[in-house]
Amino acid sequence: MLTVNVATLPASTGALNVAACPGGFYDYNGTLIPAGQSRTFTLDNYLGCDSVLTVNVATLPASNGAL
């Protein structure tokens with residue numbers, strides 16, 4: 001008799017928090033993400049399992065000034 005045990009390798013999750021100017025974009029690996037939005041990417045982690053990364057793009061405050 002042969003018994004085969006299969007272990008589940010762990011998946012990973014993470015978040016990348018960045019910012020862009022109002023009306024601007026953040027370029028994550030060729031994907032442009034507008035300021036104020038988020039995108040989720042499924043990648044491979046170091047074990048070859050799914051890794052879910054959420055990229056959150058905050059909007060930088062606009063500045064006003066006079067010369």
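## An exposed glycine and a distant turn

G23 is exposed, with a relative accessible area of 74%, and in this predicted model its place is in the loop between β1 and β2. A second glycine, G48, lies in the turn of the hairpin formed by β4 and β5, where it has a positive phi of about 90°. Along the chain G23 and G48 are 25 residues apart, and their C-alpha atoms are separated by 36 Å.

## The three-stranded sheet

Strands β1, β5 and β4 make up an open sheet of 3 strands, arranged in the order β1-β5-β4 and with mixed pairing. Its edge strands are β1, which covers residues 12-20, and β4, each of which pairs on one side only. On average, and with direction ignored, neighbouring strands of this sheet are turned by 25° against each other. In general, the strands of a sheet pair through backbone hydrogen bonds, and they do so either parallel or antiparallel.

The mixed pairing can be followed strand by strand. On one side, β1 and β5 (residues 50-59) run parallel and are joined by 9 bridges; within this pairing L16 stands opposite V55 in β5, and A19 has A58 in β5 as its bridge partner. On the other side, β4 and β5 run antiparallel and are joined by 7 bridges, with R39 standing opposite V55 in β5. V55 is thus a residue that L16 faces and that R39 faces as well. The connection between β4 and β5 is a hairpin with 5 residues between the two strands.

## The hairpin of β2 and β3

Strands β2 and β3 run antiparallel and are joined by 4 bridges, and one of the residue pairs involved is D27 with its bridge partner L32 in β3. The two strands form a hairpin with 2 residues between them.

What is notable about the phi of N29? The phi of N29 is positive, at about 50°, although N29 is not a glycine. Most residues other than glycine have a negative phi, and most peptide bonds are trans. N29 is found in the loop between β2 and β3 (31-34), and at 66% relative accessibility N29 counts as exposed, because the cut-off for that class is over 50%.

## The aromatic pair

The structure holds 1 aromatic pair, which is formed by Y28 and F41 and is tilted, with 4.8 Å from centre to centre and 50° between the planes. The pair links distant parts of the chain, since Y28 lies in strand β2 (residues 25-28) and F41 in strand β4 (residues 38-44), 13 residues apart.

Are the two partners buried or exposed? Y28 is buried, with a relative accessible area of 13%, and F41, at 15% relative accessibility, also counts as buried; both assignments follow because buried means under 20% relative accessible area. Leaving aside residues up to four places away in sequence, Y28 touches L16, I33, F41, L43, L53 and V55.

## The nonpolar core

The largest nonpolar core has 9 residues, namely V18, A20, Y28, I33, A35, F41, L53, V55 and V57. The elements that give two or more residues to this core are β1 and β5, and the largest share, 3 residues, comes from β5. Both members of the aromatic pair, Y28 and F41, are included in this core, as is V55, which L16 faces in the pairing of β1 with β5.

## A buried serine and the cysteines

S51 has its place in strand β5, and at 14% relative accessibility S51 counts as buried. Residues up to four places away in sequence not being counted, S51 touches S12, F41, T42, L43, D44 and N45. F41 therefore appears in the contact list of S51 and, because its relative accessibility is 15%, it counts as buried too.

The structure holds 0 disulfides. Of the cysteines, C21 counts as partly exposed at 48% relative accessibility, whereas C49, at 15% relative accessibility, counts as buried.

Definitions and conventions:
Residues are numbered from 1 along each chain as its sequence is written. This is a predicted model: local features need pLDDT of at least 70, side-chain atom pairs count only at pLDDT 80 or more; totals for chains, interfaces and linings use all residues. Side-chain values use heavy atoms; hydrogens and water are left out. Rings of Phe, Tyr and Trp (its six-membered ring) pair if their centres lie within 6.5 Å; planes under 30 degrees apart count as stacked, over 60 as edge-to-face and the rest as tilted. Buried means under 20% relative accessible area, exposed over 50%, partly exposed in between (1.4 Å probe, protein chains only). Two strands pair if DSSP finds at least two bridges between them. A disulfide is a pair of cysteine sulfur atoms within 2.5 Å. Axes are lines fitted to C-alpha atoms, for helices over the stretch in contact, and angles run from 0 to 180 degrees between N-to-C directions. A nonpolar core is a set of buried Ala, Val, Leu, Ile, Met, Phe, Trp, Tyr and Cys residues joined through side-chain atoms within 4.5 Å. Contact means heavy atoms within 4.5 Å.
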